[in-house]
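Student: I've got a structure open and would like to talk it through with you. Shall we take it one question at a time?

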Amino acid sequence: MVSQPTEKIVLRAFDQLDPPDPELVLDCIHCGFCLPTCPTYLVLGNEMDSPRGRLYLIRSASEGKIDLSDSFARHMDLCLLCRACETACPSGVQFGFLMEAARGQLKRRYQYPPVERWFRDLLLHTFTDLGRLRALTRLLCVYQRSGLQRLIRGWGLLRRLGRLGRMEALLPDLHDPRVSELPEITPAKGQRRGRVGLLLGCVQQFFFAHANAATARVLSENGYDVIAPRDQGCCGSLLIHEGERERGKALARRTIDCFEQANADHVVVNAAGCGSAMKEYWELLHTDPTYAARAKAFSQKVRDVSEFLAEAPLRGALQRLSLTVTCHDACHLAHGQRVREAPRAILKAIPGLRLVELQESDFCCGSAGIYNLLHPEPAQQLLDRKLERIKATGADLVVSGNPGCTLQIQKGLRERGLAIRVMHPIELLDASYRGDSRKT
Ligand code: SF4
Ligand code: SF4
C-alpha cells in the first residue's frame with residue numbers, strides 16, 4: 001500500500017494573539033543600511049543585535065524555525081526600540097510595530113527568571129499607576145529635603161545599592177506634586193485660536209511639573225484654551241514598549257475616552273515617548289470593533305507641542321535669552337514621529353539664543369523607557385557617547401523633548417560635574433515670554 005504524504009505540522013513560536021505581522025517582516029531586503037545607525041549594533045557588535053538580525057529572528061520564529069528561546073528573548077530585549085532603523089531603512093520596514101508585537105508574545109509566553117520579571121513588573125506598575133507615582137514622589141521629596149539624599153550621594157553609597165542606586169541616581173530635584181498641580185482649564189490669552197487637550201504624562205507630571213506648567217502658559221499665550229482633564233491617566237506607552245499589550249490597550253482606550261470628553265481640537269503632548277505611542281493607537285487598536293475608528297480619529301489629533309506650535313506663527317513678544325543651546329533629538333520624536341525641525345524653529349525664534357548643532361543628535365542616549373534600569377551597561381555606553389558630544393558643543397544648555405532622556409542626560413552631566421543644564425524646549429520659550437533668564 002502506498003502511504004499518502006502527510007501534511008507537515010509547523011509549530012510556530014508565536015500564537016494568534018497579536019503576533020508580528022509576517023507580511024511586514026518581508027519588507028526587509030537585507031540591505032544592511034540600518035546597521036550603522038543602530039546603537040545596539042554599534043555597542044554590542046553582534047549581527048543579532050542589529051535590526052536586520054532581529055528581523056531575521058522574528059521571521060524565523062514566525063515560520064516555526066526557532067522557538068522563544070533565551071537567546072531570542074535576549075536579542076529582542078536588548079533592542080532600545082529607538083527606531084533609528086526605520087529612519088535609515090529604504091524599504092519602509094515598520095520595525096517598531098514588529099518589535100512591540102514580538103515583545104508582546106515574549107511577555108506572555110516566555111518564562112523570564114522570577115527576579116527579572118518581578119523587577120520589570122515593579123517598574124511598570126509604579127510608573128503607569130499615577131496614584132502610586134504621586135505617593136512615591138511625595139516620599140522622595142521628604143528624602144531629598146531631609147538631607148538624606150545628600151549624605152547617601154556624598155558617601156558614594158549609590159554604587160553599592162545596585163538597581164536601587166541606579167534608580168536613585170536618576171532623580172532630579174523634586175517638588176511636592178500637590179503644590180505644582182495644573183488647573184483643569186487654562187484660558188486662552190488674546191484672540192482665541194482653538195481648544196487643546198494637554199496630556200500630563202507620568203514622569204513629566206511628577207518629576208517635571210514645571211515643563212507642563214510652561215507648556216500650558218505658552219499655549220495660552222498663543223491663543224489656545226488648554227484643557228488638562230483631571231481624570232486622565234497614563235497613556236500606556238511604557239507598557240506597549242515593554243510588550244504588555246493588553247494593559248497598554250486598556251490605558252489607550254481610557255485615554256481616548258478621556259480626551260473625547262474634553263472635546264479638544266487637538267491633543268498636545270510634551271513627552272516624545274507618549275506622543276509617539278498615542279499617534280499609533282490606531283495600530284494598537286485596529287482589531288478592536290469599538291475603538292478602531294475612534295483610535296484612528298484620536299491619533300490624527302495628537303501633536304507634539306513643538307510640532308503644534310510650528311504650525312502657526314508664534315504670538316506675543318519674546319525677550320532676549322543670552323544662551324548657547326544644543327538640541328538632543330529624542331528617538332521617539334525624531335524617529336518615532338519624524339519631528340526634527342520644530343524644536344529648532346522654537347529655539348531660533350528666541351532673540352539672543354545661539355543654537356549649536358549636536359553631533360549624532362538623534363542617536364539614543366540609552367534611556368529608552370526603562371532600558372537604562374534593565375540593561376545598565378549598554379545604556380551607560382550610549383550615555384557616555386552622548387555626553388562627549390554634548391560637551392564638545394560648548395553649550396550652556398541642552399534641550400530634550402522627552403522626560404526619560406532628560407533624566408538620563410541630567411544624571412550623566414551631574415556625575416561628570418558638568419554645569420550644563422537640561423530643559424524642555426518649551427521651557428526656554430516660556431522663559432523668553434516671561435523675560436525670565438533666571439529660569440535658564
Ligand atoms: S530600534 Fe534601535 S536598537 Fe532596535 S534594532 Fe532598531 S536601531 Fe537598533
Ligand atoms: S535597512 Fe531596512 S531593508 Fe535594509 S536591512 Fe535594515 S531593515 Fe532590512
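Tutor: Sure. One definition before we begin: helices (H or I, at least four residues) and strands (E, at least two) are DSSP runs, numbered from the N terminus. Bear in mind too that this is a predicted model.

Student: With that in hand, where does D18 lie?

Tutor: Helix α1 covers residues 22–25. D18 belongs to no earlier helix; its place is the segment before α1.

Student: What is odd about the backbone of D18?

Tutor: Most residues other than glycine have a negative phi. D18 is not a glycine, and yet its phi is positive, at about 55°.

Student: Is D18 buried or exposed?

Tutor: The cut-off for buried is under 20% relative accessible area. D18 falls under that cut-off, so it counts as buried, with a value of 18%.

Student: E360 also has a positive phi. Where does E360 sit, and what is its relative accessible area?

Tutor: E360 is not a glycine either, and its phi is about 55°. It lies in the loop between β7 and α21 (371–374). Partly exposed is the class between under 20% and over 50%. E360 falls in that class because its relative accessible area is 25%.

Student: Let's zoom out. How many helices and strands does the chain have?

Tutor: Counting the runs along the chain gives 24 helices. The strands come to nine.

Student: What radius of gyration does the chain have, and what would a compact globule give?

Tutor: For 440 residues, a compact globule would come out near 22 Å. The chain agrees with that, so the value to note is 22 Å.

Student: What box do the C-alpha atoms fill?

Tutor: The box is taken along the principal axes. Its sides are roughly 95 × 50 × 40 Å.

Student: What share of the contacts is between residues 24 or more positions apart?

Tutor: Start with the contacts in the chain that have a separation of 6 or more. Of those, residues 24 or more positions apart account for 78%.

Student: Which domains are assigned, and what separates the centres of domain 1 and domain 2?

Tutor: The assignment gives domain 1 (22–109), domain 2 (114–169), domain 3 (185–310) and domain 4 (323–439). Taken over C-alpha atoms, the centres of domain 1 and domain 2 are separated by 32 Å.

Student: Back to α1: which residues does V25 touch?

Tutor: V25 counts as buried because its relative accessibility is 3%. V25 and L98 are 73 residues apart in sequence, but their C-alpha atoms are 7.5 Å apart in space. Not counting residues up to four places away in sequence, V25 touches L55, I58, R59 and L98.

Student: And H332, which residues is it in contact with?

Tutor: H332 is part of helix α19 (residues 331–334). At 16% relative accessible area, H332 is buried. Leaving aside neighbours within four places in sequence, its contacts are L81, R83, H241, A272, G273, S276 and Q337.

Student: Last one: which elements do the buried residues of α20 pack against?

Tutor: Helix α20 spans residues 341–348, and its buried residues are A342, P343, R344, I346 and L347. Among the elements they pack against are the strands β6 (323–328), β7 (353–356) and β8 (397–400). The helices on that list are α18 (305–310), α19 and α24 (425–434).

Conventions: Residues are numbered from 1 along each chain as its sequence is written. Chains are lettered from A and ligands numbered from 1 in the order in which they are written. This is a predicted model: local features need pLDDT of at least 70, side-chain atom pairs count only at pLDDT 80 or more; totals for chains, interfaces and linings use all residues. Side-chain values use heavy atoms; hydrogens and water are left out. The radius of gyration is taken over C-alpha atoms; the globule rule is 2.2 Å times the number of residues to the power 0.38. Contact means heavy atoms within 4.5 Å. Buried means under 20% relative accessible area, exposed over 50%, partly exposed in between (1.4 Å probe, protein chains only). Domain bounds come from an automatic or database domain assignment.
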